[in-house]
Amino acid sequence: MPFLGQDWRSPGQSWVKTADGWKRFLDERSGSFVSDLSSYCNKEVYNKENLFNSLNYDVAAKKRKKDIMNSKTKTQYFHQEKWIYVHKGSTKERHGYCTLGEAFNRLDFSTAILDSRRFNYVVRLLELIAKSQLTSLSGIAQKNFMNILEKVVLKVLEDQQNIRLIRELLQTLYTSLCTLVQRVGKSVLVGNINMWVYRMETILHWQQQLNNIQITRPAFKGLTFTDLPLCLQLNIMQRLSDGRDLVSLGQVAPDLHVLSEDRLLWKKLCQYHFSERQIRKRLILSDKGQLDWKKMYFKLIRCYPRKEQYGDTLQLCKHCHILSWKGTDHPCTANNPESCSVSLSPQDFINLFKF
């Protein structure tokens, strides 16, 4: 370190030789150091604030993106391909593993309900899921389930068709939810319990709307069903696959009631839905000693599942294990893809995912 009196001056600093000059020099250097340190600290604080703001911005952006995707109940999830690969031998570790929820999200049920050939199929599938498979769905799949159900209800309210079918679906779902909500703490439903209570209230509201439907008679003064010849009326009634529809039709007019009690009509209905072995086990005789086919039908449906028939169904390609709606193109390598397709009932569809 230089001694007092040594010339430390730089150009313009000849006064540093003396003690007073040296003191003055140190004061200036100290002030400069403090000024540089203060500037450096301010710069560091500025950089940290910028970094913090940047991180906050990224977090906020991610949160907004997540809110857009998840917070809205009516958000729909669309996929480019309308088919899905399914293989019973798949596992979580192997390519091709598929869940019921994933298939439910991918197979475009929102569009299928607008097709009259697929409507009953989708409703039956919703009913089966509501009975026992609701907890097998992921959170997104459960949300889509409720979104599709809402579309179904709105369609029925607008068209005033299939009212009883949807009433039964809503009642099945409400009963299942009552059982599941009571098991709070066992993680049986994805999401907040208050959200599911709100959905149950929505279901009750839908049921009330369906009960309040007043079917208006069309202002048509031409030929009606009862104006047709009896043979044509019977022919049309034979095409009804649900005995409850026959009973409802018989309540419209006295003449239709007589036709709805026709033994041959109920016999064909029993033979359509049930096997001969099932029928033989549930024989019921009338007071006249004849087989009471009407009573047998309603007894049989309590014991056995009825035959299901749909205009259009989901199909599984046995060659490439791809599940899709009929007529949907998928990357099949078979020479004749149509010969490899197998129609699936709603129950068959669910059974695919019971590994």
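**Entry 1: a helix and its own salt bridge**

I began with a definition, that helices are DSSP runs of H or I with at least four residues and are numbered from the N terminus. I also noted that this is a predicted model, in which local features need pLDDT of at least 70.

I then looked up Asp159 and found that it forms a salt bridge with Lys155, with the closest N and O atoms 3.0 Å apart. Both residues belong to helix α5, which covers residues 139-159, and they are 4 residues apart, about one turn of the helix. On accessibility, I noted 34% relative accessible area for Asp159, which is therefore partly exposed, and 23% for Lys155, which is partly exposed as well. I kept in mind the general point that side chains of opposite charge can pair when their charged atoms come close.

**Entry 2: salt bridges between separate parts of the chain**

I searched the whole structure for salt bridges and the search gave 14. One that I followed up joins Arg164 to Asp242, where the closest N and O atoms are 3.3 Å apart. This pair links distant parts of the chain, since Arg164 sits in helix α6 (residues 163-181) while Asp242 sits in the loop between α8 (230-237) and α9 (243-250), 78 residues apart. I asked myself whether Asp242 is buried or exposed. Its relative accessibility is 10%, and because buried means under 20%, Asp242 counts as buried, whereas Arg164 at 29% counts as partly exposed.

Another salt bridge that I looked up is formed by the side chains of Glu261 and Lys294, at 2.7 Å from N to O. Glu261 is in the loop between α10 (254-260) and α11 (263-273) and Lys294 is in helix α13 (residues 293-303), so this pair ties together parts that are 33 residues apart in sequence. I recorded both partners as partly exposed, with Glu261 at 35% relative accessibility and Lys294 at 24%. I then asked which residues are joined into one network by salt bridges that share partners. They are Arg164, Glu168, Asp242, Arg244, Asp245 and Arg306.

**Entry 3: aromatic rings**

My count of aromatic pairs came to 11. In one of them, the ring centres of Trp266 and Phe298 are 5.6 Å apart and the ring planes stand at 50°, so the pair is tilted. Since Trp266 lies in helix α11 and Phe298 in helix α13, this pair ties together parts that are 32 residues apart in sequence. Trp266 counts as buried at 2% relative accessibility, while Phe298 is partly exposed with a relative accessible area of 21%.

I also found one aromatic cluster, formed by Phe104, Phe109, Tyr121, Phe145, Tyr310, Trp325, Phe349 and Phe353. Elsewhere in my notes on rings, I have the charged end of Arg199 sitting over the ring of Trp196, 4.6 Å from the ring centre.

**Entry 4: the sheet**

I traced an open sheet of 4 strands, which come in the order β1-β3-β2-β4 with antiparallel pairing. The edges are taken by β1 (83-85) and β4 (341-344), and because each has a single partner strand, one side of each is left without a neighbour in the sheet. Neighbouring strands here are turned by 25° against each other on average, direction ignored.

I went on to strand β2 (residues 314-317), which is joined to strand β3 (residues 322-325) by 3 bridges, the two running antiparallel. With β4, strand β2 pairs over 4 bridges, again in the antiparallel sense. For Leu316 I noted two partners, Leu323 in β3 and Val342 in β4. Both faces of β2 are covered, with Leu314 and Leu316 buried on one side and Gln315 and Cys317 buried on the other. The hairpin of β2 and β3 has 4 residues between the strands, and there I found that His321 takes a positive phi near 60°.

**Entry 5: Leu125**

I closed with Leu125, which is in helix α4 (residues 116-133) and counts as buried at 0% relative accessibility. What does Leu125 contact once its neighbours within four places in sequence are left aside? I found Phe109, Pro346, Phe349 and Ile350. I also looked up Leu169, which is 44 residues from Leu125 in sequence and 9.9 Å away in space, C-alpha to C-alpha.

Methods:
Residues are numbered from 1 along each chain as its sequence is written. This is a predicted model: local features need pLDDT of at least 70, side-chain atom pairs count only at pLDDT 80 or more; totals for chains, interfaces and linings use all residues. Side-chain values use heavy atoms; hydrogens and water are left out. A salt bridge is a side-chain nitrogen of Lys or Arg within 4 Å of a carboxyl oxygen of Asp or Glu. Buried means under 20% relative accessible area, exposed over 50%, partly exposed in between (1.4 Å probe, protein chains only). Rings of Phe, Tyr and Trp (its six-membered ring) pair if their centres lie within 6.5 Å; planes under 30 degrees apart count as stacked, over 60 as edge-to-face and the rest as tilted. A charge sits over a ring if NZ of Lys or CZ of Arg is within 6 Å of the ring centre and within 35 degrees of the ring normal. Two strands pair if DSSP finds at least two bridges between them. Axes are lines fitted to C-alpha atoms, for helices over the stretch in contact, and angles run from 0 to 180 degrees between N-to-C directions. Contact means heavy atoms within 4.5 Å.
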